[in-house]
Structure formats: structure tokens, C-alpha cells
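Visitor: I am new here and would love a tour. Could you walk me through the reasons behind the labels as we go?

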Amino acid sequence: MTTLLELDHINKDYRIRGFLDRSTLHAVKDVSFSLEVEKPEIFTIVGESGSGKTTTARMILGNETPTSGHLRFMGEDVAAIRSRAERLKFMARVQPIFQNPFEAFNPLTTLDYFLFATAKRFLGLKDQANIEAATDRALNHVGLSLAEVRGRYSHELSGGQLQRIAVARALIPEPKLIVADEPVSMVDASLRMSIVNLFRDLRDTLGVSIIYITHDLSTAYYISDRVIIMHRGDVVEAGDAKTVLGHPQHAYSRALREAVLPPDPVAARRIIAQRMASAKAAEARQPG
Amino acid sequence: MLAVVETKPASVEAKPVLRVEGLKAYYQMNYFGVRREVRAVDDISLTIKRNEIYGIAGESSSGKSSLIKTIAGAITPPLRVVEGSVKFDFGGKELDVYAERPAMKAARWKHLSYVMQGSMNVLNPVRKVKHAFHDFAFKHMGLSEQDFRARVESHLQRIGLDPRVLEAYPHQLSGGMRQRLTIGLATVCEPEFIIADEPTTALDVLVQQDVLALIKEVQQRLGSSIIFVTHDMTVHAAIADRIGIVYAGRLVEEGPTIDVFERPQHPYTAHLIASLPRIGDTKKRIALPGKPPNLADPPSGCRFHPRCPLAIDKCTRENPPLVPRQTGRVACWRAGEVEAA
Ligand SMILES: Nc1ncnc2c1ncn2[C@@H]1O[C@H](COP(=O)(O)OP(=O)(O)O)[C@@H](O)[C@H]1O
Ligand SMILES: Nc1ncnc2c1ncn2[C@@H]1O[C@H](COP(=O)(O)OP(=O)(O)O)[C@@H](O)[C@H]1O
Ligand SMILES: [Mg+2]
Ligand SMILES: [Mg+2]
């Protein structure tokens, strides 16, 4: 087995300057996990906002250096990558997908131009025919083609199409790992499923591993192979996704699991009625 | 101390508090002499009863925000009402939003409150929370400064917030507290009608149920009506009494929440419900084929026909009207055949 990515006791602290004092914020605390080359998987990081998911993603992408611990990609310490060429090679193999597809694209340039630039930069292609072929190939993986995208601006396309193009852009350098930070939190259920289905296809057909960051437990359950649950920088539970999300053990994971509303009006109403009753009971206990 | 919910005579009770008729609202733009029209709200009729929570669902860009913005009378160019009307009935007094603008303005915020999409941002980051309440509600309540403050404080207490938050800046509060504040702002005038766009979308999962319970509690206590938009079907399942499903600027189905979830009549609704993931179930969910429609150049006939598994020739030519069916209304030439599909 070859290790694709290894997080080895990773910590990230931020120095916070307050009004009068300074303090240290432990954004990520002692996180360890690894992914194998031979076993492409969807590895999910679940947690509420502020739990350290984005900080972890930024460290994996090499955009942030751990305060302590080692982060290795294909056996190499990411923090030790110095030369421009080495860095570009690393970036080609670990690609990000961001949350808001509308912000990911410059509104003033056409989308094909943006995709071509990615092909030139990471694949070192010069010949326009090769550039277009590589772009078209990546677009085909997400169910689009260059013919459909050529000359279009981001505002001319729907959020779902843009999210697909964002995935296609990430595929151009033929990465081994994709880091998707909350890629579906802004979209409706149908589109959400089409994007996570796409991740599953990429894993199965291209052998790409995906780090899927989300606070949505339902899609996490649906597509993940393994999951870690983060709470204030700590990993509170980790393991097989169906086991952890289906039968969470840690109190925080259980609270998250119980916070998921079922897509069923009878059950969902019962939950809300219980919440209303307990709020009322709490109010009655309060004097005045 | 409990607020007494005013009981209305039966005749008033039966009359809808909101009546939207044949409403068309388009974005009309002119780019260097080229006219472009986005038909975001295209011939929508609906009524909302007193004491009712009505949820509007649909995919992004289907026109949900445009619709409730138009209902709230809060539109600005290039969005314009092209046809139809929006009428409220506040205690027997009719208010035609697009016919009597001055009257509407005067009466609006006393009876009606509108919480925009992303409204956690209505809280100005550089001003204390109390200023938001003052700006939003003081004029409409006709109270002295002192009484106003007391009223706001007791209102906040009621929705589970310490009145000291009034002296805080928004960034000092958690997301859940800010969301509670937004609900506090929307309800402090005790409006009869509340309009909210994606009120829970930016919310942390752990506080979502409490916020929904709070919305429902306030609504029941005030006896108000709510129309809200969200793409999150689980939120509709939790609090909506009725749901309206919007596709490409049109209402394609409407009915009591439980019926819509259990017996969807329109193929689009059936798809929406079937695509919802559930923990414990990994059965593959099929995404809708094809592209979302372009509202500047919508498909002919039924706008859903290019993506519809049940489409027949008639669907490509004739727009199906929204007609009563079972406990609700549906606009589909093959309504009710989805179960067989
Ligand atoms: N550049 C930074 N400087 C200081 N604090 C930061 C910085 N980036 C993130 N944080 C803090 O680290 C914690 C984790 O943040 P983040 O990784 O963004 O969480 P998540 O993505 O799970 O919402 C938060 O408390 C956040 O405020
Ligand atoms: N200011 C605007 N100018 C032009 N078109 C707009 C504007 N705002 C929204 N639209 C268009 O109107 C349609 C409906 O948008 P919207 O009501 O925001 O949908 P939803 O809330 O369902 O996502 C979309 O096609 C959108 O692109
Ligand atoms: Mg984040
Ligand atoms: Mg909207």
C-alpha cells in the first residue's frame, strides 16, 4: 500500500489579539488520518461552523502550515515543498473545489478562458488543440462539453452548471485528491444529489479520492466511505461512515445526528412539537 | 403574563388574509438597446389563510425570492409587476399592494414584516443591536422611548434572549443568537403577516430545530400567517401547513404538507421528494436530467416538459392550468400518474 495523504498529529493555532490581551485559539487539535493510493475513497469531515474543517482543508492544500505535526502527500512533507516547480506539481495533484460557484469564477472573463488557463498552467500545454482537448475531456467527466461552455460567462449559467464546471476545472490537472469544502451547502436537494453522485462517479471511474467537507449529515451518509466528526478542533469520532453516522457513540456526534430533521412531515412535526414543549417548560421554571 | 390571542369572528376567519391573483413580475432590462425580460413570476395565484404557515419550495433560480419580494411590495427595478394583484386583508381592511402604494407604505410594517434572504446581515456590524430595533420598529409602535425599550426587552426575553444583547455588537453574538434576533425583529411589532426568505439556511444544524420551534411558537401566539421560502424540504416538512411548489416561475403544485410529501401529484414534486437523502438509506438518488430552464426564454407548453419522464406531445404545446385535485391544486396534463411511473 502506498500512502496518498497522511495527517500525523496535526495542530493549528492562531494567535488572537483581543482588546487588552492576546490568546491562542486552537483551531485544529491533534488530527491524524491517512488515505491510501490503492483505495480511492470519499473521506468526509463533518462539523458545525468553527469546528476546524476549513483550516484542515487549507493545510491539506498547502495554503496553511501546521503549527505542529506532519502532513505528507505521497510520502513528502508538504511544508518542505519549496521550489516553484515542486509546488506546481503538488497543486496539480491536490485540487480544491469551493463553496460558492458564483464566486469561484471571474464574472468578466468567459469560462472557457478560465479553464484553458488551468490547462496551460498545470499541464504545461502550449498548443491550443491540446489545451482544448484536455478541457473537453475534463468537462465530459461532469456531463458537459466544451461546445456548451465556449464563450459563456458565469452569469449565463445556473448554479448547478457552474458547480459542475468548478469540478471540471479541478479535474483538468488530473489530480489524485480533491478537497471539496462545503460544495453543496448553497444548493437544493436535487442539485445536491447530482453533485455528490458526480463525486461517487469520479471515485469509481477515475480513482480520485475526495475529501468532502460538510455539515450535512444526510449527504455525508449517502456518499462517504469514512468520516471524522470534528468539534472545536478535536476529532471526536472517526470510522466507517455508515457506522459512525448511523450509530454515533460520542455525545456530540449524537447531538448532531439528532439535529437532522427527517424529510417526513409526521416525524419532523413531532420533533418540533417536542422542542416547543421543552422551551415552554423551561420558561415556566424561570421565576418572573 | 400571557398575551391574549384575539379571537376573530368566523366570517373574518374564513376570509383569506392574502390573495394573489394572476401575478406576473418580470425583470425588464435594456442592455445597450437589447431588451431582455426574465419572467421570474409568471401568472401565480394563491391565497393564504389566517394562522397559516405556507412554504414555497423549488430549485434555485425558479423565482421563489422574486415571488415573495413581490408579495411584500418590496420590489425595485428592473423587477416590475406586469399583471395581476396582491391584496391583504388586515382586520377587514383591504390593502391592494400595487394599487394603493401610499396607504400600503403607512400600514405595511404595522401589519406585515418581511425578512429578506441573508437577513442576518440586517444587523449592521458597526452598530449595537438596539439600533436595529429602533430603526426597524420604533416608528410603527407609537410608544415612548422608555415603553418601547421595555417592550423590546420583554419580547426578547420571550424568544429566549437576554435583553443585554441590545447593548452588544452583532459579531459578539453566535449565529443562533443572531438568527433569534432576526426573528425578534420580524415579530416585535406583532405583525399579522410575516414574509421570510430562507430564514434558516445559514443556520448551524444544532440550533435549527430550536429556531423552527421558535418561529412556530411566535406564530401561534400572535395568530399570524407566515409565507416563507426555502429550498430545504426538511424545513417545509417541519413547519409548513401547506406547500407551494414553484418551477420556472410558475406554481405547479400546492397542497397540505403531509399530502404533498406522501402523494405528490406533479412529476416535479415527486422528483423533489424522491431525491431527499435519509440517514440509513443509501439507495441511489437520481438527479433530474437536463438543464434548469432559462426564464428569459422558457420552454413552450409545460415548462417542465423537457425534463419530465411523463411528457407527452400535448405537454410540449399547451401550458397546463393549475386546477384543484385531491386536497390541493396541480398543473400537469398527467397529474396523479406519477405513482405509476
Ligand atoms: N486566519 C485565522 N485567524 C484566526 N482565527 C482563525 C483563522 N481561520 C480560522 N480561524 C478560527 O479557527 C476556528 C476554526 O475555523 P474553520 O477552520 O474556518 O472552521 P469551519 O470550517 O469548521 O467552520 C474558528 O474559531 C475560526 O474563527
Ligand atoms: N436583479 C436581477 N436582475 C435580473 N435577473 C434577476 C435578478 N434577480 C434575479 N433574477 C433572475 O430571476 C430568476 C429568479 O430568481 P430568484 O427569484 O432569485 O430565484 P430563487 O429565489 O428561486 O433562487 C432567475 O433566473 C434569476 O437569475
Ligand atoms: Mg468552513
Ligand atoms: Mg432566493
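Guide: Happily! Please keep in mind that this is a predicted model. Let us begin with B:Arg263 and B:Asp259, which form a salt bridge.

Visitor: What makes B:Arg263 and B:Asp259 a salt bridge?

Guide: The closest N and O atoms of B:Arg263 and B:Asp259 are 3.1 Å apart. The rule asks for a side-chain nitrogen of Lys or Arg within 4 Å of a carboxyl oxygen of Asp or Glu, so the pair qualifies.

Visitor: Why is B:Asp259 called buried?

Guide: B:Asp259 has 16% relative accessibility. Buried means under 20%, so B:Asp259 counts as buried. Its partner B:Arg263 has a relative accessible area of 37%, and because that lies between 20% and 50%, B:Arg263 is partly exposed.

Visitor: Which residues of chain B are joined into one network by salt bridges that share partners?

Guide: That network consists of B:Lys49, B:Glu52, B:Arg242, B:Glu254 and B:Arg329. Over all chains, a search of the whole structure finds 33 salt bridges.

Visitor: Why is it said that A:Arg150 and A:Glu132 tie parts of chain A together?

Guide: The side chains of A:Arg150 and A:Glu132 meet in a salt bridge, 3.1 Å from N to O. A:Arg150 lies in the loop between α6 (146–149) and α7 (159–171) of chain A, while A:Glu132 is in helix α5 (residues 128–141), so the pair ties together parts that are 18 residues apart in sequence.

Visitor: Are A:Arg150 and A:Glu132 buried or partly exposed?

Guide: A:Arg150 is at 42% relative accessibility and A:Glu132 is at 22%. Partly exposed covers what lies between 20% and 50%, so A:Arg150 earns that label, and so does A:Glu132.

Visitor: What about A:Asp225 and A:Arg203: how do you know that they form a salt bridge?

Guide: Their side chains meet at 3.0 Å, N to O, and the limit is 4 Å, so they fit the rule. This pair links distant parts of the chain, 22 residues apart: A:Asp225 is in the loop between α9 (217–223) and β9 (226–231) of chain A, and A:Arg203 is in helix α8 (residues 189–206). A:Arg203 has a relative accessible area of 15%, under the 20% cut-off, so A:Arg203 is buried. A:Asp225, at 28%, counts as partly exposed.

Visitor: How many salt bridges does the rule find across the interface of chain A and chain B?

Guide: The rule finds one. B:Asp210 forms a salt bridge with A:Arg275, with the closest N and O atoms 3.2 Å apart. Across the two chains, 45 residues of chain A are in contact with 42 residues of chain B. Together the chains bury about 3,900 Å², 62% of it on carbon and sulfur atoms. The predictor gives the complex an ipTM of 0.85 and a pTM of 0.87.

Visitor: Why is B:Glu59 called buried?

Guide: B:Glu59 has a relative accessible area of 10%, which is under 20%, so B:Glu59 is buried. This residue lies in the loop between β3 (53–57) and α2 (64–71) of chain B. Beyond residues up to four places away in sequence, B:Glu59 touches several residues, including A:Asp188, B:Tyr268 and B:Arg307.

Visitor: What makes B:Ser66 buried?

Guide: B:Ser66, found in helix α2 of chain B, is at 6% relative accessibility, under the 20% limit, so B:Ser66 counts as buried. Leaving aside neighbours within four places in sequence, B:Ser66 is in contact with B:Tyr27, B:Ala40, B:Val41 and B:Leu79.

Visitor: Which residues form a nonpolar patch on the surface?

Guide: B:Tyr31, B:Phe32 and B:Val34 do, with about 420 Å² of accessible area together. B:Tyr31 is in strand β1 (residues 18–31) of chain B. At 48% relative accessibility, B:Tyr31 is not over 50%, so B:Tyr31 counts as partly exposed.

Visitor: Which element of chain B has the lowest mean pLDDT?

Guide: Helix α1 (residues 10–14) has the lowest, 50, and strand β10 (residues 250–256) has the highest, 98. Over residues 1–12 of chain B the pLDDT is below 50. Chain B averages 86, and 90% of the residues score at least 70.

How values were computed: Residues numbered from 1 in each chain as written. Chains lettered and ligands numbered in written order. Predicted model: local features only at pLDDT ≥ 70, side-chain atom pairs only at ≥ 80, totals over all residues. Heavy atoms only, no water. Patch = residues over 30% accessible without salt bridge, like charges linked within 9 Å, V, L, I, M, F, W, Y side chains within 5 Å. Areas by Shrake-Rupley, 256 points an atom, 1.4 Å probe, with all protein chains shown as cover. Helix = DSSP H or I, 4+ residues; strand = E, 2+ residues; numbered from the N terminus. Buried < 20%, exposed > 50% of the residue type's maximum accessible area, 1.4 Å probe, protein only. pLDDT = per-residue confidence, 0-100. Contact = heavy atoms within 4.5 Å. Buried area = accessible area lost by both parts, 1.4 Å probe.
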